[in-house]
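Subject: The model, plus notes on its pockets, cavities and sheets

Hi,

Here is the structure I promised to pass on. Have a look at it first, and then read my notes below.

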Amino acid sequence: MSRTVRTRPEASGQALSEAYDTALLDLDGVVYAGGDAIAYAVESLATARAGGMRLAYVTNNALRTPDTVAGHLTELGIPTAAGEVITSAQAVARLISEQVPAGARVLVIGGEGLRVALRERGLEPVESADDDPAAVVQGFGGPDLPWGRFAEASYAVARGVPWFASNTDLTIPSGRGIAPGNGAAVQVVRIATGAEPQVAGKPLPPMHRETILRTGAERPLVVGDRLDTDIEGAFNGEVDSLLVLTGVTDGAQLLAAPPQHRPTYVDHDLRGMLTGQPEVGPAGDGFRCGGWTATARADRLELEGEGEALDGLRALCAAAWTAAGDGSCGLDGGKALARLGL
């Protein structure tokens with residue numbers, strides 16, 4: 001399946017916040033970074049909500065509870081109820097509950113978010129491999145998680161206890177830069193045991209199922225900053241997505257995206273929810289968006305014209321993804337991106 005950045009007929013000239021009933025928003029790199037709100041996030045979300053769009057915050061970070069996340073968002077100026085927050089801890093807790101007896105013990109390697117989610121499913125969190133757990137669950141534990149917790153998980157997994165992970169994001173954005181994520185921690189236990197966990201978080205189906213069950217969204221729009229979690233999760237769930245460039249994804253990564261990592265829409269930040277997305281269409285042997293025309297040549301991507309930089313990126317995406325088909329575009333787009341300041 002090939003996908004190009006586009007404007008759907010029903011959304012042409014119409015704000016995305018009007019064309020979709022629910023925004024399924026990632027948090028880190030989209031709404032905030034390092035605890036501080038990203039520019040334009042507060043105002044954009046308030047306007048979208050005032051226009052009738054429901055907001056749900058969907059995060060692979062299993063450390064904090066929905067209550068804590070909702071409180072943080074409210075402090076940032078985004079009034080949020082705990083029920084509007086969906087975490088990978090909730091998704092993995094449901095996955096575990098479907099495979100172990102009611103009331104079973106679960107060894108927790110992570111933070112309070114995992115413990116709360118397990119109790120919500122009637123499961124008992126425990127701290128030691130010697131507590132006879134029926135499962136091991138691993139989620140992001142923050143920078144203060146002791147190294148010995150990985151050993152505890154390894155002991156239990158090596159004994160044959162089923163192993164689950166909230167998510168396998170290798171990195172997580174912070175106010176100081178990019179830090180190791182839960183996927184890096186999972187790799188530690190993988191190396192020690194040779195085992196593979198069952199994973200619940202984005203981009204896998206358990207997370208999408210959890211989100212739809214909790215929100216009841218009928219026309220959802222996934223909004224995220226990561227191609228391999230947010231956008232691939234939308235692809236797997238067969239729903240539309242908006243990539244914002246406030247997190248970990250840059251222009252070069254976007255141009256090289258394989259089909260499952262290609263968003264429906266691209267914008268600078270959450271203000272993109274409030275606008276109609278411009279048309280991207282064929283122009284000669286290339287693609288045009290706004291004042292830009294992008295063409296895929298034998299060894300590179302070329303860009304002509306002028307106008308908004310983001311329109312140039314959209315045109316480049318269409319040219320690159322069409323040339324790549326069901327693969328990843330290997331054409332050199334460096335000069336074109338540099339011209340756009342991207």
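Which helix gives the most to the lining of the second largest pocket? Helix α9, residues 227–237, does, with three residues. Before I go further, please keep in mind that this is a predicted model.

Let me stay with that pocket for a moment. Its volume comes to about 290 Å³. The lining of this second largest pocket is made up of 15 residues, and R226, L227, D228, T229 and H261 are the ones nearest the centre. Sorted by class, the lining has six polar, five nonpolar and four charged residues.

Now the largest pocket. The volume here is about 590 Å³. There are 28 residues in the lining, with L63, F140, G142, P143 and I172 closest to the centre of the pocket. Four elements each give two or more residues to this lining: helix α3 (66–75), strands β10 (171–174) and β11 (177–180), and helix α7 (182–193). The largest share, four residues, is from α7. As for chemistry, 15 of the lining residues of the largest pocket are nonpolar, eleven are polar and two are charged.

On to the enclosed spaces. How many cavities of 30 Å³ or more are there? The count is two.

The largest cavity has a volume of about 160 Å³. It is lined by 18 residues, and those closest to its centre are D28, N60, D169, T171 and I172. So I172 is a residue to click on twice: it is among the closest to the centre of the largest pocket and also among the closest to the centre of the largest cavity. Strand β10 and helix α9 are the elements that give two or more residues to the lining of the largest cavity, and β10 supplies the largest share, with three. By class, that lining has eight polar, seven charged and three nonpolar residues.

The second largest cavity holds about 120 Å³ of space. Its lining has 16 residues, with V58, K202, H208, T211 and V222 nearest the centre. Two or more residues each come from β1 (22–25), α8 (205–215), β13 (220–224) and α9. Helix α9 turns up again as the main contributor, giving four residues to the lining of the second largest cavity. The classes there are nine nonpolar, four polar and three charged.

Next, the sheets. In general, strands of a sheet pair through backbone hydrogen bonds, either parallel or antiparallel. You will find both kinds of pairing in what follows.

Five strands make an open, parallel sheet in the order β7-β6-β8-β9-β12. Why is one side of β7 and of β12 left without a neighbour in the sheet? Strands β7 (124–126) and β12 (198–199) stand at the edges and each has a single partner strand, so one side of each has no neighbour there. Further in, β8 (residues 135–138) and β9 (residues 163–165) run parallel and are joined by three bridges. If you want one pair to look up, Q138 has A165 in β9 as its bridge partner.

Two helices lie across this parallel sheet. Helix α5 (residues 112–120) lies across β6 (105–109), β7 and β8, and runs at about 165 degrees to β6. Helix α6 (residues 148–158) lies across β6, β8 and β9, at about 145 degrees to β6.

The other sheet has four strands. It is open and antiparallel, in the order β16-β17-β18-β19. Its edge strands are β16 (281–283) and β19 (301–305), each of which pairs on one side only. From one strand to the next, the twist averages 35 degrees. Strand β16 is joined by three bridges to β17 (residues 286–289), and the two run antiparallel. Within that pair, A283 stands opposite G286 in β17. Helix α11 (residues 309–324) packs on the sheet and touches β17, β18 (292–296) and β19; the direction of α11 makes about 25 degrees with that of β18.

If you only have time for one element, I would start with α9: this helix gives the most to the lining of the second largest pocket and the most to the lining of the second largest cavity.

Cheers

Note on methods. Residues numbered from 1 in each chain as written. Predicted model: local features only at pLDDT ≥ 70, side-chain atom pairs only at ≥ 80, totals over all residues. Heavy atoms only, no water. 1 Å grid on protein atoms, 1.4 Å probe; cavity = no way out; pocket = protein on both sides within 12 Å on 5 of 7 lines; lining within 4 Å. Points joined across faces, edges and corners; volume = space filled by probe spheres on them. Nonpolar A, V, L, I, M, F, W, Y, C, P; charged D, E, K, R; others polar. Pairing = 2+ DSSP bridges. Axes fitted to C-alpha atoms, helices over the stretch in contact; angles between N-to-C directions. Contact = heavy atoms within 4.5 Å.
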